[in-house]
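Here is a friendly walk through one chain and its fold. Please keep the sequence and the 3D view at hand as you read.

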Amino acid sequence: MKNYTITVNGNVYDVTVEEGGAGAGVSAPAPRKMAAAPKKPAAPAAPAASGGAGSIKIEAKAAGKVFKIEANPGKAIKKGDPVLILEVMKMETPVVAPEDGTVASIDVAVGDQVESGALLATLNK
């Protein structure tokens, strides 16, 4: 038998593994208490464009990761034009302009994790 100490999501487990053939098994007692690791401070939000926030908000329809920014502040775009691309469940999902306007701000950066309903960008008419 071999004993191992394994940490999973901050929980420490003492695990005993039997060596051998078909009858080998694993026993895992209740997790031990571990001192909480200090949490990292939240990353500051990306600064808004110098033009300020616009009146038309573009929000995430699903949780994901910002994969690519397609439009920069000041760019005129038409309804349906891509503003940015989110990676949602390993698929690239374009986030499009809900109406014609000018990009006022991009409120996220490439690599940011966003939740459903999070503000991604704003437009001005």
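Is Gly-117 buried, partly exposed or exposed? Gly-117 counts as partly exposed because its relative accessible area is 39%, which lies between the 20% and 50% cut-offs. Please bear in mind that this is a predicted model.

## Around Gly-117

Gly-117 sits in the loop between β10 and β11. Leaving aside residues up to four places away in sequence, Gly-117 touches Glu-59 and Ala-60. Ile-58 is 59 residues from Gly-117 in sequence, yet the two C-alpha atoms are 9.0 Å apart in space.

The strands on either side of this region are worth a look too. β4 and β11 are paired in the antiparallel sense, with 4 bridges. Within that pairing, Glu-59 stands opposite Leu-119 of β11.

## The overall layout

The protein chain has 11 strands and 0 helices. Read from the N terminus, its elements therefore run β-β-β-β-β-β-β-β-β-β-β. Of the 125 residues in the chain, 24% are buried. Among contacts with a separation of 6 or more, 50% are between residues 24 or more positions apart.

## Two open sheets

One open sheet has 4 strands in the order β4-β11-β9-β6, with antiparallel pairing. Its edges are β4 and β6 (76-77); each has a single partner strand, so one side of each is left without a neighbour in the sheet.

Another open sheet, also of 4 strands, follows the order β8-β7-β5-β10, and its pairing is antiparallel. Here β8 and β10 are the edge strands, each pairing on one side only. Inside this sheet, strand β5 (residues 64-69) runs antiparallel to β7 and is joined to it by 4 bridges. Lys-68 stands opposite Ile-85 in β7.

## The hairpin at the start of the chain

Strand β1 (residues 2-8) pairs with strand β2 (residues 11-17) in the antiparallel sense, over 7 bridges. If you would like a landmark in this pairing, Asn-3 has Thr-16 in β2 as its bridge partner. The hairpin has 2 residues between the strands, and Asn-9 takes a positive phi near 50° there.

## The nonpolar core

In soluble globular proteins, nonpolar side chains tend to be buried together. In this model, the largest nonpolar core has 19 residues. The residues with the most contacts inside this core are Ile-77, Val-83, Leu-86, Val-108, Val-114, Leu-120 and Leu-123. β4 (56-59), β7 (82-88), β9 (101-106) and β11 (119-124) each supply at least two of the core residues. The largest share, 4 residues, comes from β7.

Which residues does Val-83 touch, not counting residues up to four places away in sequence? They are Ile-58, Ile-69, Glu-70, Ala-71, Ile-77, Val-95, Val-96, Ala-97, Ile-106 and Ala-121.

## Charged side chains

Side chains of opposite charge can pair when their charged atoms come close. How many salt bridges does the structure hold? It holds 2 salt bridges. In one of them, Lys-68 pairs with Glu-70, with the closest N and O atoms 3.6 Å apart. Lys-68 is partly exposed, with a relative accessible area of 41%, and Glu-70 is also partly exposed, with 29%.

Lys-125 forms a salt bridge with Glu-99, and here the closest N and O atoms are 3.2 Å apart. This pair links distant parts of the chain: Lys-125 lies in the segment after β11 and Glu-99 in the loop between β8 (91-96) and β9, 26 residues apart. Lys-125 is exposed, with a relative accessible area of 76%, whereas Glu-99 counts as partly exposed at 28%.

## A buried charge at Asp-107

Asp-107 is found in the loop between β9 and β10 (113-114). Asp-107 is buried yet has no salt bridge. The nearest side chain of opposite charge is Lys-57, which is 7.6 Å away; a salt bridge needs the two atoms within 4 Å. The side chain of Asp-107 does make a polar contact with the side chain of Ser-105, at 3.1 Å.

Notes:
Residues numbered from 1 in each chain as written. Predicted model: local features only at pLDDT ≥ 70, side-chain atom pairs only at ≥ 80, totals over all residues. Heavy atoms only, no water. Core = buried A, V, L, I, M, F, W, Y, C linked by side-chain atoms within 4.5 Å. Buried < 20%, exposed > 50% of the residue type's maximum accessible area, 1.4 Å probe, protein only. Contact = heavy atoms within 4.5 Å. Lys, Arg positive; Asp, Glu negative; His and termini not counted. Polar contact = N/O pair within 3.5 Å; in protein donor to acceptor, adjacent residues only side chain to side chain. Pairing = 2+ DSSP bridges.
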